[in-house]
Structure formats: structure tokens, C-alpha cells
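Take a look at the model below. The report after it starts with one residue and then widens out to whole chains and their contacts.

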Amino acid sequence: MQEAIIKRAKELLADGSVNRVIGWKKGEFVYDITPAVFETAEEIDADFVYNELTSANVSKYLVKETKKDGKVLVFLKPCDTYSFNQLTKEHRINRENVYVIGIPGGPKLDVEKIKAKGITGILNITNDNGTLKIETLYGEETMPFADAVSTKCENCKSKKHVVFDELIGEDGDITDTNRFEMVEKLENMTSQERFDFWRDQLSKCIRCNACRNICPACTCEKCVFDNPDLGTDNKAAADSFEENMFHIIRAFHVAGRCTDCGECSRVCPQNIPLHLLNRKFIKDINSLYGEYQAGEDTTSRAPLTDYTFDDCEASIVHERGAE
Amino acid sequence: MNNDTLIPYIGVVTDIRQDTPDVKTFRVVSPEGQKVFEHMPGQCAMLSIPGVGEAMFSITSSPTNKEFMEFSIKKCGCLTNWLHAMDVGQQITIRGPYGNYFPVETELKGKDLLFIAGGIGLAPLRSVINYVRDNRANYGNVQIVYGSRSKDDLVDYQEIIDEWLKDDGIEVNLTIDNAQEGWDGHVGFVPTYVKELAPSTSKTVLVCGPPIMIKFTLEGLKELGFKETQVYTTMELRMKCGVGKCGRCNIGNKYVCKDGPVFRYDELGELPDEY
Amino acid sequence: MLKISKDRITEIFNTVAESKSLYLPVNREDGQAEFKKYENGMVLSENLNTLRSAKDFFFPQTENLVDFKMEGKNIEVIDVREECEDFVIFGVRACDARSFTILDKVFLADPVDSYYKNRRDHGTIVTMACTRPSETCFCGSFGIDATEPEGDAVCYTDGSSYFFKANTEKGEAFINSVSSLLEDGDTAELEKVQAKTKEILAKLPLSNLSTDSFGGEKLNELFKSEKWAELSEACLGCGTCTFVCPTCQCYDIKDFNTGNGIKRFRCWDSCMYSDFTKMAHGNPRLSQVERFRQRFMHKLVYFPANNNGEFGCVGCGRCLSRCPVSMNIVKVMKALEEK
């Protein structure tokens, strides 16, 4: 797959269709892959990488990149295409300045899940028919591929590219997932259990803002949490209340626009399952306003910014809150 | 436990002078009526209204003033708006003194001095000017070139008229950006005026003002034959601690709060252009 | 050397915890280690390192500096400082141990930060020599020997026992407090383990990372490098690297109105944040290029310029594994040293 992607990127650069390529650059190890902009075939040959460890959703970089001169080529996994559509819908991306090639997505690996098994000193990782062979400083280790699948790929919502100018590989279908399973589990808890669950998770937060800054739905020019003039900036969790509020307010702000790409949980240095907050909103929106998938298209009105006579009464939401 | 510089003293505002439409000068003493602490010309202090904010201000008064400290403050943000709104008798918090100072007891001693200031840039220089006036025998001739947008924007205009102009061996050249009624002095920007005045290159220069004024003044001085080692200025960057630890006011490896705010131009030239 | 067999280490913890607060790395549910206050039954983590660094003990993410009571035109300043209680941190790695000497150079320099010093004076650091360095480790590049960490006392393991050695008076006091549990032990096996660890250290993928291209004398050359724009391109401007870093010490001071007075607190800040240097009339670091450059220039150039060549990095590797876009100091160093 990597070869096909590289070949096509170089072709489009060579014939002048695009003058830059957004992709991924290999790092020091097999897994520390960085989103990068490539401008020449030489750079691509030297560093471009796309494999099972390439997870980053690069669609948000297009906010910045499509404001520049010339056309940029971007490779999007199925899940990334939803973010792309949503950003297009919100007029954050200049669609004319980008050429989209859809590429097959996950399941991707999360190296932290390998390390959590005590496998450290990782020098190389290869996939041998569902078994990972991991070469380490301390000898070779193996583990099932499935046990190292990134949380964001565990409940893949779609193998389908909802937007592309061309495809490399086959397009897939929207998948039948049980992605709300954990949300349901949380819903079935008593309010005290649920509170304890979230306190336990959110108390780990170090307010690094990685979740917000990676989030394709968080593209405000000036985040409310960064504004000292409003008095709403809070760099540090001064108390547990603030700690909770940051994540809850953020979840509210992206409700109806979050495509469930899972980047927030992927990048959280404290492994907080932040995507569950967003999934709760998605599940609620589905049940209150009808099935809706943010980023599925660029034209439909989002449930929370649309009014219909079928909308549930505010009292229903109110009563649910009292449970 | 020993005192910590981050724990401030109380200061009482005993006098407030409206200097220009957006600059007020505040007189501050301790609750006992003494000076809160001693300082040297060019040094700064952190003033704060708890709950509103804390910021670094140049100490405008001269160390030779043994009764009180003064701060000339321009209204430009949250804290300064608050300070401008307060009445005499209000307490504030104060900590310092912070930073280095103009080398009044070393390099500047015995020298002819040229002060060049623009707008609120007079604030740090006023401390040196009055220090020099109070230790007159230690310094040569003094020339002050000071300009502002208009006559009303000349900070300490009254002190300049009443005191500085009457001193022997002090030449004051005032200028305003645009002609206005009731002003028969010079009209024009400070850098241009300095070139017109063509001061002797034997002088040591202390310059302070908006970055754009400093930039063009320095170019002009160079054309006149001044060397960078003859020129001192003060810098201003965002500060929180005041003692080189919070990590935000650095230019290269120098912290403006601790290694500055006073820099000689050749020293500044060796630092990265990030201010 | 004095030792205790591995299965009896809990006895040491229990004894220490009787008189002092004891903190040690414990595994969380997700397999990550974090320092926790010891309670009976806790198991010492076998992980190479904790997710967050040990700097939190001396420089916590938030702390109250001073309180104010406002009444009419009057202000009352309330000193909230209290003498800290003695505590012991067990299991600090060599990299984090060195980070304390780096933090000392900032916080204990004149004027001394009394908040930091208070905790520093009352903390005893018991380090743990490494036996399983990871691919992300590069402490050797900064002159740190992972098999021989600094600290008040050092703990070594040969796999079946823990050996103890004191470096300071505090360390001796620590060993004396548990000496009834210790016995003299043969270090032959330990020496073998250390030799083997040294072999691994020598062949770590980053073992050849050189600091030769950095230091105070390279200030202008590195500042002007054209590579910063490309290096910072993927940077999200988040504070992850800063907050997991054991040597990052920039802070903000803020006031919090409790409704019953003002609390002035300090909290970690990050030079990666857009408002870090923002003033009423402008910002000298307008884009992420300048902010990104600042962080690495600080560690590799400015800090050594001000501290006799000592770098502001200890090679712990946390930023390597935690950066959301996998951009880190190693990549920066390698890119900048290419001519």
C-alpha cells in the first residue's frame, strides 16, 4: 500500500496537479510517525511512511494548508474523510485547494498497548498473519495483533470513504459496530458509580490540551479556555471542578460536530477515554433527533443547529437529566 | 521560613497625578508611610491588585527621593484600567526591586549624557534624570530630547517646565508629532529631531520609547557616528515572577526581568531578534 | 553492600511509612506507572519509568503561593506557607534524579524559591538503578549513568535482591531507619547485572545521540537555523511534552477569587502555548515556529549558556512516547546537527 501511495504522490507532484503532499514521515523507531508536508519526490522517497502504525488523522492540518498557495494532496483514511467533510461543511477547509485520495484505514496498532504488556526496548514490529513479532533489545516477543489494536480502531464505524477525488484500494462499507457498548455500560451505572468513574478518569488530566489541539472539531481561532480577557482561561486544574468542566464543556462544544474519529483518546498522554464523552452525545443525538453521523456529507443541517417539528420537547431532555 | 520574593508587600497610594489623558503617576509608600524598598534608576517593581492581575512597572521616581516611589502608568490593559480607576488611599501590593539598572555609578559617571525618550518611555528615564540632577557634580552636560504625540501626551510636562528647564547644564528639547494650537516648540518625530539636533558623539545615550521610535533613533545615531557601546535602552516583555524563573521574558539566554531591563545596544545586538 | 531479598521489600516500605510519607511507582489499571503515596499492600512497579515525572514532588502542577483578604481599600497579605513534612520518594530513576539538580539551578538560585526549597529540604530521594533501559532512553547523551543514579540513597537490584547505598546524610538516615531489615550481601551477581545493563545501554538505538552541536556558543547559529519551520510544522501547540518533562519548569502566576478572598497560585505553564508571551501590546512569539524553537533552544542552548554547559534535558524519553504527533527533542537534535 505504501508503495502505491508513494507512486501516486510522486506522479501528482511531477505533473503539477499538486505542489505539496500531506502525509506521514517515519521517525527514529518503527512507531513514532509524524504528520508532515512533502514538497519533492526525494523527500517522499526518503521518509514517507504508511503502515499499520500510521494512525494520525491529518485532516485538521488542511485548515492551515489549504489557505496557502497551490494545491495540496492529502491521503485520508475512511475515518479521516468524515473529519474532512465536517471541516468543509464548517468552511474551515478551502476544498478547491486540496486533492483527496482515499486510502484503506485500520485497524491500526497502538504501541503503548504493546508496551503495557511489558514488551519494551522495541526495535521492530512485524505482522505475521495476525501475530505481532516484536524484536526488542531483550529478544523477540510475540503477541496477538488484536490485543494491540488502537482504541480508536476497536469500534470502527466505517470503512467507507465519504469524500475523495480518487481512491487507492477498494472502498469499504459503513460497518455495523457496537461502539455504544461502553456508553450503555456507563448509562446503566448508578449516578454515584458514574461520577466515580469519571472522577477517576478526569483526575488524571494534566491539562496539556492535546485532546483539544488534535481535535478536528476544535478549530476556534481563540479557544474560550485560552482567553485571559474572559477570565475563562485555566491552564491548570486548580481544583477538581475545573478539571471536569474543561472536558465536559469541550464535549458540549463539539456535540453534533464530532465525527467520532477517536483522536482525543489516542493522543491523551494519560489514557483518559475521552471519546466516551463524545459518544454519549452522539448516542443521545441519535435517539433524540434521529440517526445522524457528523461528517457523512457536507450539506445536511446538524441536529443541534436545526429545528424541526419532530424535535423532542425540551422537557424530555430535562427529565432524562433527573434520572 | 525566609521571606519569599513572590510574597508582596503592601503599598498605599498617597497621590495620583493625571499626567496625560492616558497616563497617571501614582505615589506609593508603605502603610507606615516609608519607602517600601530602595532601588536604583531603571529598576522595576511588580504591582498588583489581587484578583485583577500583577504586572511589572518601571520605577519612575529617583532613588534620591527618600520619601516615596512613583510609577507613571499608561492605561492599556486590565490591570492598568483598574489602577487608573482607583482613588488615593487605595492599597496595592508591591514587590521588587527587580532587574539591573542604568550604570549611574560606573560607566555613566563623569559622562555627558543624552536622554532620548518617546511617550511613556520617559518613565524609566525620569528616574535617571532626577538621579543625575541630584548628583549633578558626578556628571557632565545633560541633554534631554523628549517627544510625544501631542503636548497633552508629554508625561511629566509640569516637572520638565518647572524644574528641568531651570537647571544649569541641562538642555531640554521637546517635540510633538503634529502641530497644535498653543505649542510653539518643535514639531516632528523624535528620531528626525535627534538627527537635526546632531548631538556630539562624545555623549552617552539613554533611549527609551516605543520599539519603532527606538529603531529609527538608533539608525539616526549611527549615522551621526555614535557607537552601539554608547547607547543604553530598556526592554519590556511579559513577566510573571520577576526573578528569572518563570521562563517567559527571555531574549536568547537573557531574562529581561533579571539580566535587564537595561541593555547596552551592543549586548542586545548579540541576542536573537525576538522581542 | 547491605541488601534485602526482593520478596521482603514490602517490609522496608512498611517501616519507612510508619514515620514518614513514602511515595513509590505503582502500576495503574492501564499498565502505566505513577507515584502513589504508599499504603500497605501496594506493589512496586516494574516499569522502567512513571508516566509523569518525579518533578511533581518539588514543583507541583498547581500550588497556592499567598492569600489576600480585600476589605475596602485595604489588603491583607496572608502567608500560607507551612513547613513541609519529611517524605521519601522511592524508585526514582537516574534521569529524574538528575532533573532535580537541573531544577535546583533554577529554583535554588538567588533569590531562592522557598516553596521549592521547603519540599526539597524535607524530601529524601531513593533512586533505583536501571536494568531494562528502553529504546526511548538517551540519558547517556547527557552524561547520566543509568546503572549508577544520583540521589540521597541508591537501590540496585540483581533480580533476587535489592541492595542499598547512601550518597548523602539523608540517604544514610534512610538506610539506618531500615537497617534492622538489611543484611550484608554478596554483590557478585549484581555486578554481572550491571555489566549486562551497560552492554544494553551501549547498543540503545539513541546511544550515539551527540550534544556536540549544541550549547551556549551555538546560540545565534541555531536560532537562525532554517529548519525550525519544518520541524515545528506538525506541532499542535499543546503542552504534553512540557508537562511530562522532568526539567520543564516555566510557570504562570494567577489569582483565583474564592468569593471569600483571593488565592494567588502558581501553575505549570508551557512555552508552546500561544499566550505564553502575549502582552497588552503584542507578542514576540507570534507563531508556533517561534514557540517550538524556544522550547528546544532553552534546553539545548540557553540553559547550558547560563549553567556552565549543562543541558536542560535528561534523556528520559517521555516526550518521545507522549507527543501526540511524535515530534521530539531527539528528532530536533538530529535535524539540527545535519549541516
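## One residue in chain C

Glu63(C) sits in strand S4 of chain C, which covers residues 62–71. This is a predicted model. Is Glu63(C) buried or exposed? The answer lies in between. Glu63(C) has 15 C-beta neighbours inside 10 Å, so it counts as partly exposed. A residue needs 20 or more such neighbours to be buried, and 12 or fewer to be exposed.

Which residues does Glu63(C) touch, leaving aside those up to four places away in sequence? They are Tyr115(C), Phe265(C) and Arg266(C). Now take Lys263(C). Glu63(C) and Lys263(C) are 200 residues apart in sequence. In space, their C-alpha atoms are 9.8 Å apart.

## Chain C as a whole

Chain C has eleven helices and twelve strands. Its radius of gyration is 22 Å, and the globule rule gives 20 Å for 339 residues. The two values are close, so chain C is as compact as a globular protein of that length. Along the principal axes, the C-alpha trace spans about 65 × 60 × 40 Å.

Of the 339 residues in chain C, 49% count as buried. Next, consider contacts between residues at least 6 apart in sequence. In chain C, 69% of these contacts join residues at least 24 apart.

## Where chain C meets its partners

Chain C puts 38 residues in contact with 32 residues of chain A. Which elements of chain C each supply at least two residues to this side? There are helices H8 (240–244), H10 (318–322) and H11 (329–337). Strands S11 (251–257) and S12 (262–268) also do so. By class, the side of chain C that touches chain A has 19 nonpolar, ten polar and nine charged residues.

Chain C also touches chain B. Here 44 residues of chain C are in contact with 32 residues of chain B. The chain B side divides into 13 nonpolar, twelve polar and seven charged residues.

## Chain B and its sheet

Chain B has six helices and 15 strands. Its radius of gyration is 18 Å, which agrees with the value near 19 Å for a compact globule of 275 residues. Its C-alpha atoms fill a box of roughly 55 × 45 × 35 Å along the principal axes. Buried residues make up 54% of chain B. Among its contacts between residues at least 6 apart in sequence, 71% join residues at least 24 apart.

Strands of a sheet pair through backbone hydrogen bonds, either parallel or antiparallel. In chain B, seven strands form an open sheet with mixed pairing, in the order S10-S9-S8-S7-S11-S12-S15. Strands S10 (186–187) and S15 (262–264) of chain B are the edges, and each pairs on one side only. Strands S8 (142–148) and S9 (170–176) of chain B pair in the parallel sense over seven bridges. Tyr146(B) stands opposite Leu174(B) in S9(B). Helix H2 (122–134) of chain B lies across S7, S8, S11 and S12 of that chain. The helix runs at about 155 degrees to S7(B).

## Domains of chain A

How is chain A divided into domains? The domain assignment gives domain 1 (1–108 + 157–177), domain 2 (111–148) and domain 3 (178–323). The C-alpha centres of domain 1 and domain 2 of chain A lie 27 Å apart. Five residues from domain 1 of chain A and five residues from domain 2 of chain A make up the contact. The domain 1 side has four nonpolar residues, no polar residues and one charged residue.

Methods. Residues numbered from 1 in each chain as written. Chains lettered and ligands numbered in written order. Predicted model: local features only at pLDDT ≥ 70, side-chain atom pairs only at ≥ 80, totals over all residues. Helix = DSSP H or I, 4+ residues; strand = E, 2+ residues; numbered from the N terminus. Contact = placed C-beta atoms within 7 Å. Nonpolar A, V, L, I, M, F, W, Y, C, P; charged D, E, K, R; others polar. Domains from an automatic or database assignment. Pairing = 2+ DSSP bridges. Axes fitted to C-alpha atoms, helices over the stretch in contact; angles between N-to-C directions. Rg over C-alpha atoms; globule rule 2.2 N^0.38 Å.
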